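Let's take a walk through this structure, one stop at a time. Have the sequence and the 3D view ready.

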Amino acid sequence: QVQLVESGGGLVQPGGSLRLSCTASRSVLSMGWYRQGPGNQRELVASISSGGVTRYADSVKGRCTISRDNAKNTIDLQMNNLKPEDTAVYYCRAYWYGEYWGQGTQVTISS
């Protein structure tokens, strides 16, 4: 079993920045952030392997950076130049011979 603890999120004005963090209860293989906006399916935002290989959704490339600290089993997602369409519940996901999900954190981009 893997427990995931998420932090960050909140209300930000368009053009602002947010940092999301997720800590796993043990070392895992890949970790990432997904989001689900109102009426939408859950989608990948960014992921990072234990070796540091990253993957980004086209919609966030150039605006988001995912990083990982394997010693702390933590990933961070730095999001810049946020847009109203980034509004969603953001979920941390980890893979360790099965999928594990965090409880989700709300990100709202609004003036």
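Tyr-97 sits in the loop between strand S9 (88-95) and strand S10 (99-101); strands here are DSSP runs of E with at least two residues, numbered from the N terminus. At 63% relative accessibility, Tyr-97 is exposed, a label that takes over 50% relative accessible area with a 1.4 Å probe and protein chains only. Tyr-97 also joins Leu-29 and Tyr-95 in a nonpolar surface patch of about 310 Å². Such a patch takes residues with over 30% relative accessible area and no salt bridge, with nonpolar side chains joined within 5 Å; a salt bridge would be a Lys or Arg side-chain nitrogen within 4 Å of an Asp or Glu carboxyl oxygen.

A quick word on ground rules: this is a predicted model, where local features need pLDDT of at least 70, side-chain atom pairs count only at pLDDT 80 or more, and totals for chains, interfaces and linings use all residues. Residues are numbered from 1 along each chain as its sequence is written, and side-chain values use heavy atoms, leaving out hydrogens and water.

Now for the sheet. Four strands line up as S1-S3-S8-S7 in an open, antiparallel sheet, where pairing takes at least two DSSP bridges between two strands. Strand S1 (4-7) and S7 are the edges, each pairing on one side only. Six bridges join S7 to S8, and Thr-65 stands opposite Gln-78 in S8.

Between strand S7 (64-69) and strand S8 (74-79), the loop holds Asn-73. Is Asn-73 buried or exposed? Asn-73 is buried, because its relative accessible area is 17% and the cut-off is under 20%.

Conventions
Patches are made of residues with over 30% relative accessible area and no salt bridge: like charges are joined within 9 Å, nonpolar side chains (Val, Leu, Ile, Met, Phe, Trp, Tyr) within 5 Å. Accessible areas come from the Shrake-Rupley method with a 1.4 Å probe; for residues, only the protein chains shown count as cover.
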